[in-house]
Amino acid sequence: MSRLVSKLALLSVLSLIFLLISCDGAKNAQNAKSIEFFAMDTFISIKAYGENAENALNLAKQEVLRIESMFSVTDENSEIYQLNQKKSLELSAEVVDLIAKSNQISQATNGAFDISVYPLVKLYGFTQSDYRVPSDAEIAQMLDFVGYQDIIINGNAVTLAENMSIDLGAIAKGYCADKVAEVLQKNGVNSAIISLGGNIRLLGDKNGEEFSIAVRDPINEQGYIGSINTKNCAVVTSGAYQRYFEENGVKYHHIINSQTGRCADSGLISVTVICADSAVADAVATAFFVAGADFAKQYCAENDDISAVLVDDDNCVSVVGNVDFEPIDNSAYTYITQK
Ligand code: AMP
Ligand code: MG
């Protein structure tokens, strides 16, 4: 628990520093307003530019809290919590839509992304911050309850198979970032940086230019491997370093391979996905982390709206697709670009 809290505290400080140093044009800084708070189990920071920023930011925070209250797996009043309890329930159209979108991404990624992996996430104690390494028998038993194909959607009614439960934690922050961007825009903001943990969503541009988003070094977390220049889209990172515990010198992180029931072990240690749709970026980043570099490269080749920066455990950074990525100077990594 204390490790998790200290990691989140570190993340929050780093996120703040990052936002302050990397995204502020001198002219824009004068009318920039920001808001920081903790929700959706992560540190949230939203920075908006222009004269309508203050009011829009307050509404943006309400939007985050609204979405958290629908998708939380621990809040007894949330729709997802209730569905996990009752196994069959009429849900709001918004929740049903995100479950349906999740299932589509599961299908497209051969189950690498699978919201029904939740019993395993719980088994490792990631939900309750009560970490432990499960036995082979426990993993085998929980694997029987995993499989997105058994999530049945009929109108607004969603039914799970017996013992199944779902967690939209790998897509909900991305979805939320898109909704926040919508709220900001509706309330007169055309330029903003929305950061929900590893999820960045850019609204518009910065004074007519692209934002520069630093990509964290997954090994040396105080450092960066480079930056992505882009605008009006999402830049979402899934990494082994974001949430993990250690036992007997082995690190157990929070992204689970739904085939093996064990922590994903594809050789990738960090995946950043760039895509206009932030929910897709979030889900696909998790999927690439599970499925590995070859799958990710193939997927980007087949979907030209998706690009990625992949860091593997052999100190190699692959920049895949149509992305403007600038490596840092004197990096310990080898960089490969693949259009
Ligand atoms: P992310 O940080 O977006 O990669 O999401 C990781 C979170 O999603 C974990 O903390 C789990 O709650 C959940 N999760 C873990 N493995 C998977 C998976 N293979 N597919 C979907 N969700 C997952
Ligand atoms: Mg994700």
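Leaving aside neighbours within four places in sequence, Leu310 is in contact with Leu268, Ser270, Val271, Phe288, Ala293, Ala296, Lys297, Cys316, Val317, Ser318 and Val320. Leu310 belongs to strand 14, which covers residues 307-312. Keep in mind that this is a predicted model, with an average pLDDT of 92 for the protein. The points below start with Leu310 and go on to a three-stranded sheet, a magnesium site, Ser258 and the confidence of the model.

**Leu310 and its surroundings**

- Leu310 has a relative accessible area of 1%, and because buried means under 20%, this residue counts as buried.
- Its contacts include Leu268, Ser270 and Val271, and strand 13 spans residues 268-275.
- Another of the contacts of Leu310 is Phe288, and helix 9 covers residues 278-291.
- Thr237 is 73 residues from Leu310 in sequence, while the C-alpha atoms of the two are 9.6 Å apart in space.

**The sheet 8-9-16**

- Here three strands make an open sheet in the order 8-9-16, and their pairing is antiparallel.
- Strand 8 (211-216) and strand 16 (324-327) are the edge strands, each of them pairing on one side only.
- From one strand to the next, the twist averages 30°.
- Strand 8 and strand 9 (residues 224-230) run antiparallel and are joined by six bridges.
- Within that pairing, Ala214 stands opposite Ser227 of strand 9, and Val215 has Gly226 as its bridge partner.
- On to strand 16: strand 9 pairs with it over four bridges, again in the antiparallel sense.
- Gly226 turns up here as well, standing opposite Pro327 in strand 16.
- Six of the seven residues of strand 9 are buried, so this strand is largely enclosed by the rest of the structure.

**The magnesium site (ligand 2)**

- The protein donors of the magnesium ion are Ala170 (O), Asp282 (O), Asp282 (OD) and Thr286 (OG1), at 2.0 to 2.4 Å from the ion.
- Along the chain, these donors follow the spacing A-x111-D-x3-T.
- Ala170 sits in the loop between strand 5 (157-159) and helix 8 (172-186), and Thr286 sits in helix 9 (residues 278-291), so the pair ties together parts that are 116 residues apart in sequence.
- Ala170 counts as partly exposed, with a relative accessibility of 22%, whereas Thr286, at 11%, counts as buried.

**Ser258 in its loop**

- Ser258 is placed in the loop between strand 12 (250-253) and strand 13 (268-275).
- Although this is a loop residue, Ser258 is buried, with a relative accessible area of 9%.
- A polar atom of the Ser258 side chain lies 2.9 Å from the backbone oxygen of Gly111.
- Beyond neighbours within four places in sequence, the residues in contact with Ser258 are Gly111, Asp114, Val117, Leu143 and Val146.

**Confidence in the model**

- The average pLDDT of the protein is 92, and 91% of the residues score at least 70.
- Residues 1-27 have a pLDDT below 50, and this stretch has 47 contacts in the model beyond near neighbours in sequence.

Definitions and conventions: Residues are numbered from 1 along each chain as its sequence is written. Chains are lettered from A and ligands numbered from 1 in the order in which they are written. This is a predicted model: local features need pLDDT of at least 70, side-chain atom pairs count only at pLDDT 80 or more; totals for chains, interfaces and linings use all residues. Side-chain values use heavy atoms; hydrogens and water are left out. Helices (H or I, at least four residues) and strands (E, at least two) are DSSP runs, numbered from the N terminus. Buried means under 20% relative accessible area, exposed over 50%, partly exposed in between (1.4 Å probe, protein chains only). Contact means heavy atoms within 4.5 Å. Two strands pair if DSSP finds at least two bridges between them. Axes are lines fitted to C-alpha atoms, for helices over the stretch in contact, and angles run from 0 to 180 degrees between N-to-C directions. Donors are N, O and S atoms within 2.8 Å of the metal (3.2 Å for Na, K and Ca); water is not among the atoms, so sites may look incomplete. pLDDT is the predictor's confidence in each residue, from 0 to 100. A polar contact is a pair of N or O atoms within 3.5 Å; within protein, one must be able to donate a hydrogen and the other to accept it, and residues adjacent in sequence count only if both atoms are side-chain atoms.
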